[in-house]
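Reader: I would like a close look at one strand residue and its surroundings, and then at how the rest of the chain is laid out around such details. Please keep it plain and take it step by step.

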Amino acid sequence: MAVSSTPINLTLAAHVGISVSDLDASIAFYTALTGREPVAQGTMHSVPFGKSQGLPVAKLRYATINLDNSLGIDLIQFQEPVGERTGGMANRPGSMHLCLRVDDFDAVYRRMKDAGYDFLGDDYTFIEGEVTPDAALGTRVAYFNDPDGTNLEIIRPEGGFAS
């Protein structure tokens, strides 16, 4: 097989998959967060698909919520085999978070609070002396978890973080 000398760049994300314990609760949460309903919902039961993920089988329910930039959030409830929660704290190697860019920070923050969801702490605005470059000053963030503990962030970027 010939190997191409042309570099292949992976610069577009298609979706992020999030394993959940209760698909219906997660759909309600991510709908409240994004203001979007799922564009697709379904089931799968496949040994080959499971093996492609290092599992003996994959029996699951799923739903996809699309964002404006074509990134999909795939919510996946494995019914067989059922997994355990990772309990991923933000500072644990291997943990990740999904950051959602917002134009109206206060409106999204309030919508989540009104829907009964809590943030991990107070929202934070980057200030001088705590972040570089200075162009990032004024960026506002808040962190929270979905019903299964997945780390999430909303951000209203400024300066160097806005590009």
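Author: A strand here is a DSSP run of E with at least two residues, and strands are numbered from the N terminus. By that rule N66 belongs to strand β3, which covers residues 58-66. The model is a predicted one.

N66 has a relative accessibility of 31%. Buried means under 20% and exposed means over 50%, so N66 is classed as partly exposed. Once neighbours within four places in sequence are set aside, the contacts of N66 are R36, V39, L71 and G72. D22 is 44 residues away from N66 in sequence, and their C-alpha atoms are 19 Å apart in space.

Past β3 comes the loop between β3 and β4, where S70 is found. The phi of S70 is positive, near 70 degrees, although S70 is not a glycine. With a relative accessible area of 58%, S70 lies over the 50% cut-off and is therefore exposed.

The second largest pocket involves residues numbered close to these. L67 and D68 are among the lining residues nearest its centre, along with L100, R101 and V102. The lining has 16 residues in total, and the pocket has a volume of about 470 Å³. At least two lining residues come from each of α1 (23-34), β5 (97-101) and α3 (105-114). The largest share is that of β5, which gives four. Sorted by class, the lining holds nine nonpolar, five charged and two polar residues.

The largest pocket has a volume of about 590 Å³. Its lining counts 23 residues, and those nearest the centre are S19, V20, E84, R85 and T86. Two elements, β1 (15-19) and β4 (72-80), supply two or more residues each to this lining. Here 13 lining residues are polar, seven are nonpolar and three are charged.

Just beyond β4 there is a cis peptide bond between E80 and P81, with omega at about -10 degrees. P81 itself sits in the loop that links β4 and β5.

S46 offers a contrast in exposure. It is placed in strand β2, residues 40-46. Its relative accessibility is 17%, which is under the 20% cut-off, so S46 counts as buried. A polar atom of the S46 side chain is 3.0 Å from the backbone nitrogen of F49. Leaving out residues up to four places away in sequence, S46 touches V57 and A58.

T139 is also worth a look. It lies in the loop that runs from β6 (124-125) to β7 (140-145). Its relative accessible area is 0%, so T139 is buried. A polar atom of the T139 side chain is 2.9 Å from the backbone oxygen of A136.

The strands on either side of that loop pair with each other: β6 and β7 are antiparallel and share two bridges. In one of these, T125 has R140 of β7 as its partner. On the other pairing of β7, six bridges connect it to the antiparallel strand β8, residues 151-156. R140 appears again there, standing opposite R156 in β8. β7 and β8 make a hairpin, and five residues separate the two strands. G149 in that turn has a positive phi of about 95 degrees.

The whole chain can now be put around these parts. It has three helices and eight strands. Read from the N terminus, their order is β-α-β-α-β-β-β-α-β-β-β. The chain has 163 residues, and 34% of them count as buried. S46 and T139 are two residues with that label, whereas N66 is partly exposed and S70 is exposed. Among contacts with a sequence separation of 6 or more, 54% join residues 24 or more positions apart. Taken along the principal axes, the box filled by the C-alpha atoms is roughly 55 × 50 × 30 Å.

Key: Residues are numbered from 1 along each chain as its sequence is written. This is a predicted model: local features need pLDDT of at least 70, side-chain atom pairs count only at pLDDT 80 or more; totals for chains, interfaces and linings use all residues. Side-chain values use heavy atoms; hydrogens and water are left out. Buried means under 20% relative accessible area, exposed over 50%, partly exposed in between (1.4 Å probe, protein chains only). A polar contact is a pair of N or O atoms within 3.5 Å; within protein, one must be able to donate a hydrogen and the other to accept it, and residues adjacent in sequence count only if both atoms are side-chain atoms. On a 1 Å grid over the protein atoms alone, a cavity is a set of points where a 1.4 Å probe fits but cannot get out, and a pocket is an open set with protein on both sides within 12 Å along at least five of seven lines; lining residues have an atom within 4 Å of a point. Grid points are joined across faces, edges and corners, and a volume is the space filled by probe spheres set on the points. Ala, Val, Leu, Ile, Met, Phe, Trp, Tyr, Cys and Pro count as nonpolar, Asp, Glu, Lys and Arg as charged, and the others, Gly among them, as polar. Contact means heavy atoms within 4.5 Å. Two strands pair if DSSP finds at least two bridges between them.
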